[in-house]
Amino acid sequence: MSTWQESVVTKESSTSQASGHDQAATLRSGSTRCLPSPPVPPLAIAAELFAALDAADIHYGIVQDPGSLPQALAGRDDIDMLLDKQDYTAFCEIMARLHGLRSVSLSCYDNVCDGREDWFVPDFSRSAYLHIDLHVGIRVGWEFRKRYLAFDYTAIAQWEHLSVDGVTIPVASLEDEIRLTLGRFAFRLWGWPWTRWVVLPGDWEDHLAQLPFRSGEADERVIECASGGGTMSCRIRPNEGGIEVYRADLARLRHAIRHRCGYSRSSGLTDATVHFIRKASYLSLRILGRLWPGSVPAKRRASTGGLVVALVAPDGLGKSTQTDLLTRIFAWKLGCAQVYVGTGEGDGWWFRKGLQNFLSPRRHQLKAVIQRDRKEPRGRAMGKVLAAGLALWAVLIAIERYGVVKRAHRWATRGLIVVCDRWPQTLRKGYLDGPMIQSDLPAVPGLAALARFEERLYQKMSECKPDLILHLVSDFSVSESRKPGEISKEGFEARMSLMSELRALDKDIRAIDASGNTETVTRVLFKQIWLSL
């Protein structure tokens, strides 16, 4: 058993037995058990959020796995919160004040049911966010068919308090946690007709000694569960570090929950049918998403829709590094994808990448031959051939970039946050992923047509603007210190000048100082993206 779980087992509980809102208010004034400081400190937004909830007298509590709270408060796990339905509007107001974001999912996913929502609260100081699995009443049923309202806030008999680095949160007592678990798994645990006991998932061995349950027969405990205005007994017993539940008691509990919600036993057949249909759809979408990334909506996507974000900068200012970091941060729980629009070391067509690897070591030699075309008649034929080859190469690059740009916008329409490394521009040729066919190439039949085709492609790309364009700006010394020899001072200054022209033409482009360390720049970029969702 982990240190955190041991601490949770020994936490002190409030002693009030009141009900409803008066009970919650009384319990909040009870004693609090402080947990040891976790390896990763809680996000600052966690203290602000729960302080705001308490100040607004909102009735809430954590109902699952309090042992994971230290990791959850650090933005590394979920927070399963049960909220009083009457306080939902006030909860949403607090979330709006803290820039909270609600996500949506397709109906075939297992996290979709009435009264359950995913909320995310950002911490701009740490480039992270809390994930709150909010329940306005807990519904149970098959994994993909949770429609029976089994518990609400007032159904929790006893709230306890935990404190993690000064963040105090009410949590359901261990007895209530097991009661909730029995209600959920009453629809999921099955056994052979001759099986009398089934194993309840979870590590409950050391918890049993803490529970004041009524004793049953030898080695059995009895827990009381609400049943249509009354109570019913559910027998449990320890088994190799876990708990076994009497299967007949689970069946009676399952029937009682259905009856209380107005359903008969025959509804079980409907539940099973819908469950298997949704699960088959879910598995099909998973396979489709693996085969063609971005082809299906993510499990969790922002309710405000997707977003195309483009990071633009000269070499050495951290475009690729920041793109990787931001993708990992957002993809923790939200749908997020990364695309590369350049021609360097990033992803690209295998044919183009192979040809580029072959030609790159010889590019200076090829350009020299083309320039010699004007001075030496003997080199004229070779120069024209190479000029035509470079034009075809530029068109190939344009086609690839056009496909990437269109794909980024398609993914955004499916709710993904698409972080793009670079973005094409049409203001100047040869810089910042712009057109590549130069106007001073030798006169070759068909070359002008290729140039016009390339120009049309870049014009179409310019019409597909990103939702957010972020320019990373700094001076040449920063680029040289990070990637020595990657780019000349003249090339760097030319790109910075072009970026200034682009910002003058488009006031929505935002300039971000890239001179700081990686974490500092990530925090600024994270905030800019989050506030644009």
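## Questions about loops, helices and rings

Me: In which loop is the place of R422?
Reply: Happy to start there, with the reminder that this is a predicted model. R422 has a positive phi, near 85 degrees, although the residue is not a glycine. Its place is in the loop between β19 (417-421) and α13 (447-463).

Me: And what is the phi of D433 near?
Reply: D433 also has its place in the loop between β19 and α13. At 10% relative accessibility, below the 20% limit, D433 counts as buried. Most residues other than glycine have a negative phi. D433 is a residue other than glycine with a positive phi, near 60 degrees.

Me: How many helices and strands does the protein chain have?
Reply: Buried residues account for 49% of the 533 residues in the protein chain. Of the contacts between residues at least 6 apart in sequence, 71% join residues at least 24 apart. As for the elements themselves, the protein chain has 16 helices and 21 strands.

Me: How far does α3 reach from its first C-alpha to its last?
Reply: α3 has 12 residues. At 1.5 Å a residue, 16 Å is expected for α3. The reach in the model is close to that, at 17 Å.

Me: Which residues of α3 are exposed?
Reply: Let's take the buried ones to begin with: I45, A46, L49, F50, A52 and L53. They cover an arc of only 155 degrees around the axis, so they lie on the same side of α3. On the other side of α3, the exposed residues are A44 and A55.

Me: Which residues is A44 in contact with, leaving aside its neighbours within four places in sequence?
Reply: A44 belongs to helix α3 (residues 44-55). Its C-alpha is separated by 9.7 Å from that of P122, 78 residues apart along the chain. With the sequence neighbours left out, the contacts of A44 are D123 and S125.

Me: Which residue follows α3, and what is its phi near?
Reply: Most residues other than glycine have a negative phi. The residue after α3 has a positive phi. The residue is D57, with phi near 55 degrees.

Me: On how wide an arc do the buried residues of α16 lie?
Reply: The 15 residues of α16 (residues 518-532) should span 21 Å at 1.5 Å a residue, and the end C-alpha atoms are 21 Å apart, so the two agree. Buried in this helix are V521, T522, L525, F526, I529 and W530. They sit on the same side of α16 because they cover an arc of only 160 degrees.

Me: How many aromatic pairs are there, and what kind is the pair of F91 and W119?
Reply: The count of aromatic pairs comes to 18. For F91 and W119 the ring centres are 5.8 Å apart and the planes meet at 85 degrees, which is over 60, so the pair is edge-to-face.

Me: How many residues apart in sequence are the parts that F91 and W119 tie together?
Reply: F91 is buried at 0% relative accessible area, and W119 is buried too, at 7%. F91 lies in helix α5 (residues 88-97) and W119 in strand β5 (residues 116-123), so the parts tied together are apart in sequence by 28 residues.

Me: And how far apart in sequence are the parts tied together by Y109 and Y282?
Reply: Y109 and Y282 form an edge-to-face pair, 5.7 Å centre to centre with 80 degrees between the planes. Y109 counts as buried at 6% relative accessibility, and Y282 is buried with 13%. Y109 lies in the loop between β4 (101-104) and β5 and Y282 in helix α8 (residues 267-291), so the separation of these parts is 173 residues.

Me: Over which ring does the charged end of K333 sit?
Reply: Ring pairs link F120, F124, Y129, F330, W332, F526 and W530 into a cluster. The charged end of K333 is 5.6 Å from the centre of one of these rings. That ring belongs to W332.

Me: How many disulfides does the count come to?
Reply: A disulfide is a covalent bond between the sulfur atoms of two cysteines. C420 is buried at 0% relative accessibility, but its closest cysteine sulfur, in C336, is 9.9 Å away, too far for a bond. The count of disulfides comes to zero.

Conventions: Residues are numbered from 1 along each chain as its sequence is written. This is a predicted model: local features need pLDDT of at least 70, side-chain atom pairs count only at pLDDT 80 or more; totals for chains, interfaces and linings use all residues. Side-chain values use heavy atoms; hydrogens and water are left out. Helices (H or I, at least four residues) and strands (E, at least two) are DSSP runs, numbered from the N terminus. The expected span of a helix is 1.5 Å times one less than its number of residues. Buried means under 20% relative accessible area, exposed over 50%, partly exposed in between (1.4 Å probe, protein chains only). The arc is that of the directions from the helix axis to the C-beta atoms. Contact means heavy atoms within 4.5 Å. A disulfide is a pair of cysteine sulfur atoms within 2.5 Å. Rings of Phe, Tyr and Trp (its six-membered ring) pair if their centres lie within 6.5 Å; planes under 30 degrees apart count as stacked, over 60 as edge-to-face and the rest as tilted. A charge sits over a ring if NZ of Lys or CZ of Arg is within 6 Å of the ring centre and within 35 degrees of the ring normal.
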